[in-house]
Structures are given as C-alpha cells and as structure tokens.
Amino acid sequence: MITPAVAEKPEWAGKGKGAMQAEQTTTKMEEQAEQRKEQMEERAEQERVYAEEQAEQSREQMKERAEQQREDAQEERAQRQERAEERREKGEVLKKEQEKSSKHQGEKPKGLEKQKTKKSEQVQKELDKGSEQGQKSRENRRKWWKFWGD
C-alpha cells in the first residue's frame, strides 16, 4: 500500500471563509471606529480653538467700542465747551456794543439812565412843609435812586 502524502494545511484552511471575513471586518470596524474617534477629537479641538478666537475677537470689539464711545464723549464735551465759550464771547461783545452805543448817543439817555437823571434833578417839594421834626427827617433822608447811584 501506498501511503498517501499528507501536506500541511494552510493557515486559512479549516477556518472557513466566513470566519476569516468576520475577522477582517472586525479589524476594519475597529480601525474605522478609531479613525472616527480621532476625527471627532480633532473636530472638538478645532471647535474649541475657534470658540476661543471668537471670544477674543468679541472682547477686542467691546474694548474698541468702549474706547470709541469715550473718545466721542470727549469730543462732544469739547464741542459743547467751545459753543459755550463762543456764546459767552458773543454776549460780551453785544454788551460792549450796547454800552458803546448808549454812551455815543448821549443826546437821549435810555431806561434807567434817563430816569436817574430826572430824579436827581427833582427838588423835594415838601422840605419846608409840616412840623420841624418832619422837616429835619426829610432833610436827612436819601431818595431810593441815590442808594445805587452816585
């Protein structure tokens, strides 16, 4: 009898096609799962960095707005002061012009000046009337317009 020759089985022999494919698919699935996990971690890191950048930009914009508002307020204050100064100067100029015009006219004094001159020229008619005591008090009495005048 002849003995049959027995060869060694290859590695895949006896496992069947299904077992080998299952092993290959599980390793592929594990690799894909690992890749997805790495991608998700990368995406999370990118989103975190993006959020930090956005927050920094927002802070800078707020600082810029605040600085701009301060500058605008200072400019507005300066403009108001300039306008007030202009009004004061205008008022002073108008007063000086009115004083000059009233002094230059000379012929016809107006308002209080006219009244002041009239009252100072008036004579107290009742000086010599009444009792001696009344006469003495009237001599010492000053008229109201002389308190502010000469």
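A residue is called buried under 20% relative accessible area, exposed over 50%, and partly exposed in between. Glu52, with a relative accessibility of 45%, therefore falls in the partly exposed class. The model in which this residue sits is a predicted one, and the same three classes serve for the other side chains discussed below.

The overall make-up comes first. The protein has four helices and zero strands, and the order of elements from the N terminus is α-α-α-α. Of the 150 residues, 3% are buried. The exposed area of the protein is about 15,000 Å², and carbon and sulfur atoms supply 50% of that area.

Confidence varies along the chain. The mean pLDDT of the protein is 78, and 68% of the residues reach at least 70. Among the elements, H1 has the highest mean pLDDT, 86, while helix H4, covering residues 144-148, has the lowest, 57. Helix H1 spans residues 16-105 and includes Glu41. The salt bridges described next are placed in this helix.

Side chains of opposite charge can pair when their charged atoms come close. The structure contains six salt bridges. One of them joins Glu52 to Arg48, with 2.6 Å between the closest N and O atoms. Why are these two residues about one helical turn apart? Glu52 and Arg48 are both in helix H1 and are four residues apart, so about one helical turn separates them. Arg48 has a relative accessible area of 39% and is therefore partly exposed, as is Glu52 at 45%. The pair also belongs to a wider arrangement: Glu45, Arg48 and Glu52 are linked in a network of salt bridges.

A second pair is formed by Arg59 and Glu56, whose side chains meet in a salt bridge with an N to O distance of 2.7 Å. Here the spacing in helix H1 is three residues, so Arg59 and Glu56 are again separated by about one helical turn. Arg59 counts as partly exposed because its relative accessible area is 46%. For Glu56 the relative accessibility is 35%, which means that this residue is partly exposed too.

Further along the helix, Arg88 forms a salt bridge with Glu85, and the closest N and O atoms are 2.6 Å apart. Both residues lie in helix H1 at a separation of three residues, about one turn of the helix. Is Arg88 buried, exposed or partly exposed? Its relative accessible area is 46%, so Arg88 is partly exposed. Glu85, at 35%, is partly exposed as well.

Not every charged side chain considered here is in a salt bridge. Glu34, Glu38, Glu41 and Glu42 form a negative surface patch. Membership of such a patch requires over 30% relative accessible area and no salt bridge. Glu41 has a relative accessibility of 48%, so this residue passes the area cut-off and counts as partly exposed. Glu41 is located in helix H1, the element with the highest mean pLDDT.

Helix H1 thus holds the paired residues Arg48 and Glu52, Glu56 and Arg59, and Glu85 and Arg88, together with Glu41 of the negative patch.

How values were computed. Residues are numbered from 1 along each chain as its sequence is written. This is a predicted model: local features need pLDDT of at least 70, side-chain atom pairs count only at pLDDT 80 or more; totals for chains, interfaces and linings use all residues. Side-chain values use heavy atoms; hydrogens and water are left out. Patches are made of residues with over 30% relative accessible area and no salt bridge: like charges are joined within 9 Å, nonpolar side chains (Val, Leu, Ile, Met, Phe, Trp, Tyr) within 5 Å. Accessible areas come from the Shrake-Rupley method with a 1.4 Å probe; for residues, only the protein chains shown count as cover. A salt bridge is a side-chain nitrogen of Lys or Arg within 4 Å of a carboxyl oxygen of Asp or Glu. Lys and Arg count as positive and Asp and Glu as negative; His and the chain ends are not counted. The place of a charge is taken as NZ of Lys, CZ of Arg, CG of Asp or CD of Glu. Buried means under 20% relative accessible area, exposed over 50%, partly exposed in between (1.4 Å probe, protein chains only). pLDDT is the predictor's confidence in each residue, from 0 to 100.
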